[in-house]
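Reader: I'd like to go through the charged pairs and the greasy interior of this one. Can you show me what you're looking at and tell me how you decide on the labels?

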Amino acid sequence: METKEIKLRKNKKVLAEGYKAIKYDLSTKGINNFRYGIKDADIIGKAFTVDGDIKECKWGLHFSKDPANVFNFYEPLGYNRYFKVQAFDEVIDTDDGLKSVARTIKFVEEYDIMQFIEIIKKFDRKSINDTVNRSDAVNYSNAVNYSNAVNCSYAVNRSDAINCSNAVNRSNAVCNSNAVYY
């Protein structure tokens with residue numbers, strides 16, 4: 001199975017819009033560790049597609065419709081890159097609503113961490129299914145609540161980017177979030 005860059009037709013129908021994070025070097029965390037280009041490349045306007053059958057958490061181009069859900073898969077750190085994407089051809093939403101997988105995505109905009117947090121704060125969650133906000137998969141997940149990757153991580157717990165950041169410590173998106181407290 002292969003992922004490749006393509007040229008989209010101008011009249012191609014957008015099936016969904018969402019948000020995606022990738023590592024600073026444009027690589028992914030997936031099994032194949034695909035790269036969307038070389039480090040520091042501008043990928044805005046570029047589209048990528050996969051062949052074969054797409055399947056959540058297995059194969060395809062993943063993104064989240066709610067930008068806050070991106071942090072379930074990539075740490076909220078300044079060295080990750082954050083994007084708005086459009087999905088084409090085929091889209092499957094996961095049952096828990098945390099992410100979607102598409103056959104084809106196009107990178108529309110890039111944000112730094114502070115801009116991305118502002119997008120999270122302003123995002124209209126009323127348009128997203130309520131099952132995400134009250135999902136046991138998020139709220140009672142051992143992967144989130146008891147994860148050593150989060151709870152014991154020096155990168156998170158001792159990071160000035162997190163602990164001393166007004167964007168995190170004083171953010172209504174974090175402090176007053178129903179997604180965090182419910």
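Author: Let's start with the burial labels: under 20% relative accessible area is buried, over 50% is exposed, and anything in between is partly exposed. Keep in mind that this is a predicted model.

Reader: Why is arginine 35 called partly exposed?

Author: Arginine 35 has 42% relative accessibility. Partly exposed is the range between 20% and 50%, so arginine 35, at 42%, gets that label.

Reader: And what makes aspartate 25 buried?

Author: Its value is 13%. The cut-off is under 20%, so aspartate 25 counts as buried.

Reader: How do you know that aspartate 25 and arginine 35 form a salt bridge?

Author: Their closest N and O atoms are 2.8 Å apart. A salt bridge needs a side-chain nitrogen of Lys or Arg within 4 Å of a carboxyl oxygen of Asp or Glu, so this pair qualifies. Both residues sit in the loop between β2 and β3, ten residues apart.

Reader: How many salt bridges turn up in the whole structure?

Author: The search finds eight. Another one joins the side chains of lysine 65 and aspartate 93, at 3.0 Å from N to O. Here lysine 65 is in the loop between β4 and β5, while aspartate 93 is in strand β5, 28 residues apart.

Reader: What makes glutamate 90 and arginine 103 a link between separate parts of the chain?

Author: Their closest N and O atoms are 2.8 Å apart, giving a salt bridge. Glutamate 90 lies in strand β5 and arginine 103 in strand β6, so the pair ties together parts that are 13 residues apart in sequence.

Reader: Why does arginine 103 count as buried, and which label does glutamate 90 get?

Author: Arginine 103 is at 18%, and buried means under 20%, so it counts as buried. Glutamate 90, at 30%, counts as partly exposed.

Reader: Now the greasy part. Which residues have the most contacts inside the largest nonpolar core?

Author: That core has 19 residues, and those with the most contacts inside it include Leu26, Tyr36, Ile43 and Phe107. The largest share, four residues, comes from β6.

Reader: What is isoleucine 43 in contact with, leaving aside its neighbours within four places in sequence?

Author: Ile22, Leu26, Tyr36, Phe83 and Phe107. Apart from this core lies another, of twelve residues, among them Val70 and Phe116.

Reader: Why would such residues gather at all?

Author: In soluble globular proteins, nonpolar side chains tend to be buried together.

Terms used. Residues are numbered from 1 along each chain as its sequence is written. This is a predicted model: local features need pLDDT of at least 70, side-chain atom pairs count only at pLDDT 80 or more; totals for chains, interfaces and linings use all residues. Side-chain values use heavy atoms; hydrogens and water are left out. Helices (H or I, at least four residues) and strands (E, at least two) are DSSP runs, numbered from the N terminus. Buried means under 20% relative accessible area, exposed over 50%, partly exposed in between (1.4 Å probe, protein chains only). A nonpolar core is a set of buried Ala, Val, Leu, Ile, Met, Phe, Trp, Tyr and Cys residues joined through side-chain atoms within 4.5 Å. Contact means heavy atoms within 4.5 Å.
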